[in-house]
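Got the viewer open? Let's take a walk through this one, stop by stop, with something to select at each.

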Amino acid sequence: MNALIEDLKARGLIAQTTADEELHEHLSSGSRTLYCGFDPTADSLHIGSLVPLLILKRFQEAGHKPLALVGGATGLIGDPSFKAAERKLNSDDIVANWVDSIKKQVSAFIEFGEQDNAAEVVNNLDWISKMDSISFLRDVGKHFSVNAMIQKESVKQRIDREGAGISFTEFSYMLLQSYDFAALNKEKNCTLQIGGSDQWGNITGGIDLTRRMNQEKVFGLTMPLVTKADGTKFGKTESGTIWLDPAKTSPYAFFQFWITTLDADVYKFLRYFTFLTVEQIAEIEETDKNIKGRPQGQGILAREVTRLVHGEEGLASAERITEALFSGNLSNLSESDLAQLAQDGLPATDVNNDSASIVELLTSCELAASNKMAREFVNNGAVMVNGEKITDTEATITKADALFSRYTLIKRGKRLFNLFIWK
RNA sequence: GGAGGGGUUCCCGAGUGGCCAAAGGGAACAGAUUGUAAAUCUGUCGCGAAAGCUUCGGUGGUUCGAAUCCACCUCCCUCCA
């Protein structure tokens, strides 16, 4: 039995593998090369890609060589797997830009350098763009049966469902990804592909193609889809997707995302998203069972994952804001603390007058979408100004009332803040 | 190329001339309760203080009145070739 696979199993991180026993043997008998693909569908990855990224890292720590494939070519096509509808094509230059930013992000998780199992980032545009359409159809396409392809669960809803449909472009996606595996096997002796469970069809396609083109036996491993106990979608909040790019989701917002993890999910997420051992996590869970009130799991999860993604500094800034806003008294904050909060990525807005109505302030930032909503929030008692509840919709906030004549901190609801800076 | 079916407010989806800012569900938001949970209960959920205004793929038309009828355009789907 292979220790790494056993650990992944214990963490619940394995959905399916091909040739289970042979895979154990394969990984135990030497340093292997594996890859995972990341298609550029935006200028940043989001936390949905965190599980595969961390698994690449786990493999590397176990002595294997990870390849992060950025889909410069496949990103131009669009993966139809389990997607309800055909997607819009993005232009070459946009995708090329995305490839660059995603390359950088991916690089933060795995070690490069001189060691034998140093990571590499590859781009499938490098080999796919070299292939002409005749070779594609003769050398790759000939190995695929359309009969088999339309049977794949991943495209079923597009084929069966009334009102859906799939273009030849997206239908061919599987062939490109399959060819990636064969090409990486040939060039880099890559023998394992990992991915989310939605990639199973594409991965097995690649395994078959590699056997046919290269006469090589290669393996696949998929991770389960990350789900939440309440059935809502993982990775989204009221303010949208949680990105890995700190410019798109601040370390503070990122930290907050994890801190609000449901009790029912937190230990599972600790196993998925941290490098704490399963034994350590079991201990945390055991301790939490015996304390009344707030469990410690969410805090540990938030700290571990924020450190992994944003480093010690990002974690420190996230914790500073969290500490200031959620533990007790705002009046304890010094002027430099307040200045630091804005620096650390707490949403902040400049105000150019000496006074403004509460409604104006709320609508001038993300806290309220319209005057109507702003009034409703005030009426509901959802608005706090510098820690004091405001219930008068006509209230005026002045510079003179500001903390240090400069800062007004407004809270809407349980955990949404905006700092106003008077000029 | 031919025939047919569609595009409704964040999503799904009802609505075929006035009672429609538009059913229902989901998501979301606020309050109570709590642990910055869950569950539950209450309220909100186009804009506007209100009068009212803007919306049902687009443009134009019929009508006292249109999401609903007509014309053209556009995008999507299904089947046939």
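A cavity here is a set of grid points where a 1.4 Å probe fits but cannot get out. Keep in mind that you're looking at a predicted model.

**Stop one: the enclosed space**

How many cavities of 30 Å³ or more does a search of the whole structure find? Just one. Its space comes to about 70 Å³.

To see the walls, select Asp-79, Pro-80, Ser-81, Met-149, Lys-152, Ser-154, Val-155, Glu-170, Phe-171, Tyr-173, Met-174 and Asn-202, which line the largest cavity. Now colour by helix: H9 (153–160), H10 (168–171) and H11 (173–188) are the elements that each give two or more residues to this lining. Switch to colouring by residue class and you'll get six nonpolar, three polar and three charged residues around the cavity.

**Stop two: H1 against H2**

Head for the start of the numbering and select residues 3–11, helix H1, along with residues 20–28, helix H2. Their axes come within 8 Å and cross at roughly 125°. An angle between 115 and 145 degrees counts as oblique, so H1 and H2 are oblique to each other.

Turn on side chains for the contact. From H1, show Ile-5, Glu-6 and Lys-9; from H2, show Asp-20, Leu-23, His-24 and Leu-27. By class, that's three nonpolar, one polar and three charged residues.

**Stop three: H13 against H16**

Next, select residues 251–259, which make up helix H13, and residues 297–326, which make up H16. Are these two oblique or roughly perpendicular? The axes of H13 and H16 come within 7 Å and cross at roughly 95°, which makes H13 roughly perpendicular to H16. Colour this contact by class and you'll find 15 nonpolar, eight polar and two charged residues.

**Stop four: H16 against H17**

Keep H16 selected and add residues 335–344, helix H17. Here the axes come within 9 Å and cross at roughly 130°, so H16 is oblique to H17. The crossing of H16 and H17 is left-handed.

Which residues meet here? On the H16 side, show Ser-317, Arg-320, Ile-321 and Ala-324; on the H17 side, show Gln-340, Leu-341 and Asp-344. The class colours in this contact split into three nonpolar, two polar and two charged residues.

Technical notes: Residues are numbered from 1 along each chain as its sequence is written. Chains are lettered from A and ligands numbered from 1 in the order in which they are written. This is a predicted model: local features need pLDDT of at least 70, side-chain atom pairs count only at pLDDT 80 or more; totals for chains, interfaces and linings use all residues. Side-chain values use heavy atoms; hydrogens and water are left out. On a 1 Å grid over the protein atoms alone, a cavity is a set of points where a 1.4 Å probe fits but cannot get out, and a pocket is an open set with protein on both sides within 12 Å along at least five of seven lines; lining residues have an atom within 4 Å of a point. Grid points are joined across faces, edges and corners, and a volume is the space filled by probe spheres set on the points. Helices (H or I, at least four residues) and strands (E, at least two) are DSSP runs, numbered from the N terminus. Ala, Val, Leu, Ile, Met, Phe, Trp, Tyr, Cys and Pro count as nonpolar, Asp, Glu, Lys and Arg as charged, and the others, Gly among them, as polar. Axes are lines fitted to C-alpha atoms, for helices over the stretch in contact, and angles run from 0 to 180 degrees between N-to-C directions. Angles under 35 degrees count as roughly parallel, over 145 as roughly antiparallel, 65 to 115 as roughly perpendicular and the rest as oblique. A crossing is left-handed if the near helix is turned anticlockwise from the far one by less than a right angle, and right-handed if clockwise. Contact means heavy atoms within 4.5 Å.
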